[in-house]
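Reader: Please take one part of this model and go through it closely. I would like to see where its residues sit, what they touch, and how that part relates to the chain as a whole.

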Amino acid sequence: MEAATSKPVKVSKTYNLNLSWRDTRYHRFYEVVDQLVDELQEHVWAKSGKAKRRLKGDGLGKLHYSVECLVRDCMAVVLQRKRKSEAAIRKGQYYYSSERPDQMLTYSIHIERAFEGLVELGYVE
């Protein structure tokens, strides 16, 4: 059995975090998420022809969380062959109200940045 101690792991070019054994085990997954977040931060949107302002702090943490959720949902569907390869996502603005238990998912970041950005970049259809 593995111990639940934290080990320092270099997650990307700029971050050096103390991760639990679980995070260390899925290190490659988090590298992919970091790469997707970097691409979303630099993405030039088709509608405006410009990149959106870069998120920092709490907003950047929410973007990471949203991308993790979307990638996990898509991977789980693909790996289960008995089900259709579709993941459910609620795109309605009122689903992401302030009374939600999961405050990390907000409409502007989860749908307008992460989901729509992954669609424009060709990772999700």
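Author: A buried acidic residue is a place to begin: D34 has a relative accessible area of 9%, which is under the 20% limit, so D34 counts as buried. The model is a predicted one. D34 belongs to helix 2, which covers residues 27–42. Its C-alpha atom is 9.2 Å from that of E68, although 34 residues separate D34 and E68 along the chain.

The setting is as follows. The protein chain has four helices and two strands, and along the sequence these follow the order β-β-α-α-α-α. It has 125 residues, and 32% of them count as buried. Among contacts with a separation of 6 or more, 49% are between residues 24 or more positions apart. The accessible surface comes to about 9,200 Å², with 52% of that belonging to carbon and sulfur atoms.

The part to look at closely is the loop between helix 3 (57–79) and helix 4 (107–121), where R100 is found. R100 is buried and yet has no salt bridge. The nearest side chain of opposite charge is D102, at 5.1 Å; a salt bridge requires a distance within 4 Å, so this pair does not qualify. The side chain of R100 does reach the backbone oxygen of D102, at 3.3 Å. Leaving aside residues up to four places away in sequence, R100 touches Y95 and L105.

Y95 leads on to the aromatic rings. A search of the whole structure finds three aromatic pairs. One of them joins Y95 and Y96 edge-to-face, with 5.1 Å between the centres and 90 degrees between the planes. Y95 has a relative accessible area of 35%, so it is partly exposed, whereas Y96 is buried at 11%. Y96 also pairs with Y107, and here the geometry is tilted: the centres are 6.2 Å apart and the planes are at 50 degrees. Because Y96 lies in the loop between helix 3 and helix 4 while Y107 is in helix 4, this pair ties together parts that are 11 residues apart in sequence. Y107 has a relative accessibility of 21%, so it counts as partly exposed. Y95, Y96 and Y107 form one aromatic cluster.

In this part of the model, then, R100 touches Y95, and Y95 belongs to one aromatic cluster with Y96 and Y107.

Methods: Residues are numbered from 1 along each chain as its sequence is written. This is a predicted model: local features need pLDDT of at least 70, side-chain atom pairs count only at pLDDT 80 or more; totals for chains, interfaces and linings use all residues. Side-chain values use heavy atoms; hydrogens and water are left out. Buried means under 20% relative accessible area, exposed over 50%, partly exposed in between (1.4 Å probe, protein chains only). Lys and Arg count as positive and Asp and Glu as negative; His and the chain ends are not counted. A polar contact is a pair of N or O atoms within 3.5 Å; within protein, one must be able to donate a hydrogen and the other to accept it, and residues adjacent in sequence count only if both atoms are side-chain atoms. Contact means heavy atoms within 4.5 Å. Accessible areas come from the Shrake-Rupley method with a 1.4 Å probe; for residues, only the protein chains shown count as cover. Rings of Phe, Tyr and Trp (its six-membered ring) pair if their centres lie within 6.5 Å; planes under 30 degrees apart count as stacked, over 60 as edge-to-face and the rest as tilted.
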